[in-house]
Amino acid sequence: TDDWGLNAVEQETHVEHFRRILSEHNAWRKEDHDYYTLLRFLRARNYVYDKAVKMWLDTLEWRKEYEVDNILENFVFHEREQFLMAYPQGYHKTDKLGRPIYIQLLGKIDIATLKQITTEERMIKFHIQEYERCGKIIMPICSKLQGRQIDQTFGIMDVKGVGMSHLSGEVKRLMTTLTKYDQDNYPEMLGRICIINAPLVFKAIWALVKPLLNPRTLSKIQICQTNYQKDLLEWVAPENLPEWLGGSSKGTLLDDCGPWSDPEVLRRMEGQLPVACKALKRMATLSGTGEVVLQLEDGE
């Protein structure tokens with residue numbers, strides 16, 4: 001059963017009813033809206049159909065406004081490397097459950113440098129694009145490797161150095177905007193998040209952030225002990241945890257390490273995951289993934 005006490009058959013019944021309602025609104029496309037996407041939206045609204053339908057329709061309108069359906073191939077974030085130096089974040093391998101690991105170094109956000117590198121609009125577009133990449137490329141590849149559905153991430157948020165300066169109007173506004181987009185349009189994608197290196201001032205900051213999160217999200221958040229490596233290694237194998245977090249993986253956040261960027265895995269998956277591989281090919285010009293994609297195309 002899931003967190004709502006529903007078994008697999010009951011969940012399927014709810015999803016099918018939800019699908020029929022959406023079809024009546026001309027708001028369901030078989031090729032884009034799979035079972036698990038419908039289930040995530042239902043769960044986000046506690047299986048209350050009216051609320052789930054409103055959330056779904058609002059998301060479709062938001063996707064149209066921001067041209068999200070085409071953001072993987074149409075938006076190229078050329079300033080990616082500079083951006084990640086001023087706001088370190090990214091995917092890095094998988095946890096013991098096969099979920100992609102997403103790491104953020106919140107204390108190292110340099111808003112002044114970010115403003116010199118790019119615009120807030122482009123930062124937001126990159127954030128949305130990364131969610132789309134996760135849902136359409138990363139998670140399908142992880143699912144195929146695990147032999148079961150993977151539709152949630154494992155997060156590590158390093159808040160070392162976070163202070164009151166991070167609560168400036170610009171940083172707070174940006175984080176609030178991103179958090180709202182995430183919860184409204186990508187529900188139930190967070191499996192668990194471990195917060196490490198939390199300073200005393202973090203309690204004050206956490207008090208401001210908590211109201212932005214729903215109760216179920218809060219239940220997935222773990223504030224780690226000072227010796228955070230022990231907590232992280234309960235969830236992540238040493239070889240998948242970066243060296244700078246106590247593991248043995250030598251990759252950095254710039255490298256985008258994981259099966260989704262392994263040429264051999266991608267070649268093997270191409271016939272099984274045509275949609276994900278097609279999306280990868282469309283991103284051929286994107287920094288950090290072009291080499292893998294070109295190798296894929298050469299193998300056709």
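Asn 26 is exposed in this predicted model, with a relative accessible area of 75%. You'll find Asn 26 in the loop between H1 and H2, just after H1 comes to its end. What makes the backbone here worth a look is the phi of Asn 26, which is positive at about 55° even though the residue isn't a glycine. Most residues other than glycine have a negative phi.

Now compare that with Tyr 47. Tyr 47 also has a positive phi, about 65°, and again isn't a glycine. Tyr 47 sits in the loop between H2 and H3. Is this residue buried or exposed? Tyr 47 is buried, with a relative accessible area of 8%, and the cut-off for calling a residue buried is under 20%.

Go back to the loop between H1 and H2 and you'll also come across His 33. His 33 has 9% relative accessibility, so it counts as buried. Who are its neighbours? Leaving aside residues up to four places away in sequence, His 33 touches Ala 27, Trp 28, Trp 56 and Leu 60. So this one loop holds an exposed residue, Asn 26, along with a buried one, His 33.

Next, step back along the chain to H1 itself. This helix covers residues 8-24, which makes 17 residues. From its first C-alpha to its last it reaches 25 Å, close to the 24 Å expected at 1.5 Å a residue. At the N-terminal end, Asn 7 acts as a cap: one of its side-chain oxygens lies 3.1 Å from the backbone nitrogen of Val 9.

Which residues of H1 are buried? They are Gln 11, His 14, Val 15, Phe 18, Ile 21 and Leu 22. These residues cover an arc of only 120° around the axis, so they end up on the same side of H1. Turn the helix around and the face pointing away from that buried side carries exposed residues: Val 9, Thr 13, Arg 20 and Glu 24. Val 9, then, turns up twice, once for its backbone nitrogen at the Asn 7 cap and once on the exposed face.

What do the buried residues of H1 pack against? Their partners are helix H2, residues 35-44, and helix H3, residues 49-65. Trp 56 and Leu 60, two of the residues that His 33 touches, fall within the range of H3.

From the helices, move on to a pair of strands. Strand S1 spans residues 89-94, and five of its six residues are buried, so S1 is largely enclosed by the rest of the structure. S1 runs antiparallel to strand S2, residues 100-105, and four bridges join the two. To get your bearings on the pairing, look for Gly 90, which stands opposite Ile 103 in S2. The hairpin has five residues between its strands, and there Gly 98 takes a positive phi near 85°.

Finally, zoom out to the whole protein chain. Its secondary structure comes to 14 helices and five strands. Of its 300 residues, 49% are buried. If you take the contacts between residues at least 6 apart in sequence, 74% of them join residues at least 24 apart. As for the outside, the chain exposes about 15,300 Å², and carbon and sulfur atoms supply 52% of that area.

Note on methods:
Residues are numbered from 1 along each chain as its sequence is written. This is a predicted model: local features need pLDDT of at least 70, side-chain atom pairs count only at pLDDT 80 or more; totals for chains, interfaces and linings use all residues. Side-chain values use heavy atoms; hydrogens and water are left out. The expected span of a helix is 1.5 Å times one less than its number of residues. Buried means under 20% relative accessible area, exposed over 50%, partly exposed in between (1.4 Å probe, protein chains only). The arc is that of the directions from the helix axis to the C-beta atoms. Contact means heavy atoms within 4.5 Å. A polar contact is a pair of N or O atoms within 3.5 Å; within protein, one must be able to donate a hydrogen and the other to accept it, and residues adjacent in sequence count only if both atoms are side-chain atoms. Two strands pair if DSSP finds at least two bridges between them. Accessible areas come from the Shrake-Rupley method with a 1.4 Å probe; for residues, only the protein chains shown count as cover.
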